[in-house]
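The following exercises concern strand pairing and nonpolar packing in a protein. Please inspect the sequence and the structure before turning to the worked solutions.

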Amino acid sequence: GAGTQTPLFSRTEPGGMFTIVDVREHPGLVWFVDSAAAGAGDTVGHGRNPDKPFATLGYAFSSDLVAAGDTVYGLPGHSETLAAAIAADIAGVKVVGLGEGNKRPTFVGGAIDYISISADDITIEGLVFTTPTAASGTQVNIAAARVTVRRCRFNLGANILDAVTITAAGELPTLEDNEVVVSADGPDS
């Protein structure tokens, strides 16, 4: 009856992890990314358990294992050095960085965009973007509709012009509660 309905449901993850989750927060699968975990790997069979996570967020998106409605948690201490932009191209995915301050997942880049969002309804929150080691494009490029960027830290030094860029396709973006730290002359926005 109506008195027994709840948004909570149980889920068993591969490897035996059992959780009770709120379907409003996790309508799809839950994935984990942690470069520092001993069991981390960028192969099929990883990602569903924090003891055996993906090693990179880039692989989580490129693997095509992650789908609309899924949540990808970056665990505290995760650090990812980018050789190419992360192509966030799966609509409806939420990426959440766990941890506080500098223990949040951190992304280091060079002469590239860090994350290029090209699919609608993606949310990224709680990530730290370091100042690039070489002249860079942008840390987050929004080229899709209804993208949300919240509670992220953008560290801007002499090698970067823009923390976030929004293309013509980036309709109705939400940017909230982000922190921008400028450490040198160079950034425009």
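**Exercise 1: Strand pairing**

In this predicted model, strand 11 (residues 128-129) and strand 14 (residues 153-156) are joined by two bridges in the parallel sense. Determine which residue of strand 14 stands opposite Val-128, and place the two strands in their sheet.

Solution. Step 1: Val-128 faces Arg-153 in strand 14. Step 2: the sheet is open, contains five strands in the order 5-8-11-14-17, and has parallel pairing. Step 3: its edges are strand 5 (79-81) and strand 17 (179-182), each of which pairs on one side only.

**Exercise 2: Nonpolar cores**

Identify the residues with the most contacts inside the largest nonpolar core, and state which element gives the largest share of this core.

Solution. Step 1: the largest core has 35 residues, and Leu-57, Phe-61 and Phe-129 have the most contacts inside it. Step 2: at least two core residues come from each of several elements, including helix 1 (57-62), strand 12 (136-142), strand 14 and strand 15 (160-166). Step 3: helix 1 supplies the largest share, four residues. Step 4: another core, of five residues, lies apart from the largest one; Phe-32, Tyr-73, Leu-75 and Val-96 are among its members.

**Exercise 3: Contacts and burial**

Establish which residues Phe-61 touches beyond four places in sequence, and what percentage of the protein is buried.

Solution. Step 1: the residues touched by Phe-61 include Ile-86, Asp-89, Val-95 and Ile-122. Step 2: of the 189 residues in the protein, 45% are buried. Step 3: among contacts between residues at least 6 apart in sequence, 63% join residues at least 24 apart.

Terms used: Residues are numbered from 1 along each chain as its sequence is written. This is a predicted model: local features need pLDDT of at least 70, side-chain atom pairs count only at pLDDT 80 or more; totals for chains, interfaces and linings use all residues. Side-chain values use heavy atoms; hydrogens and water are left out. Buried means under 20% relative accessible area, exposed over 50%, partly exposed in between (1.4 Å probe, protein chains only). Contact means heavy atoms within 4.5 Å. Two strands pair if DSSP finds at least two bridges between them. A nonpolar core is a set of buried Ala, Val, Leu, Ile, Met, Phe, Trp, Tyr and Cys residues joined through side-chain atoms within 4.5 Å.
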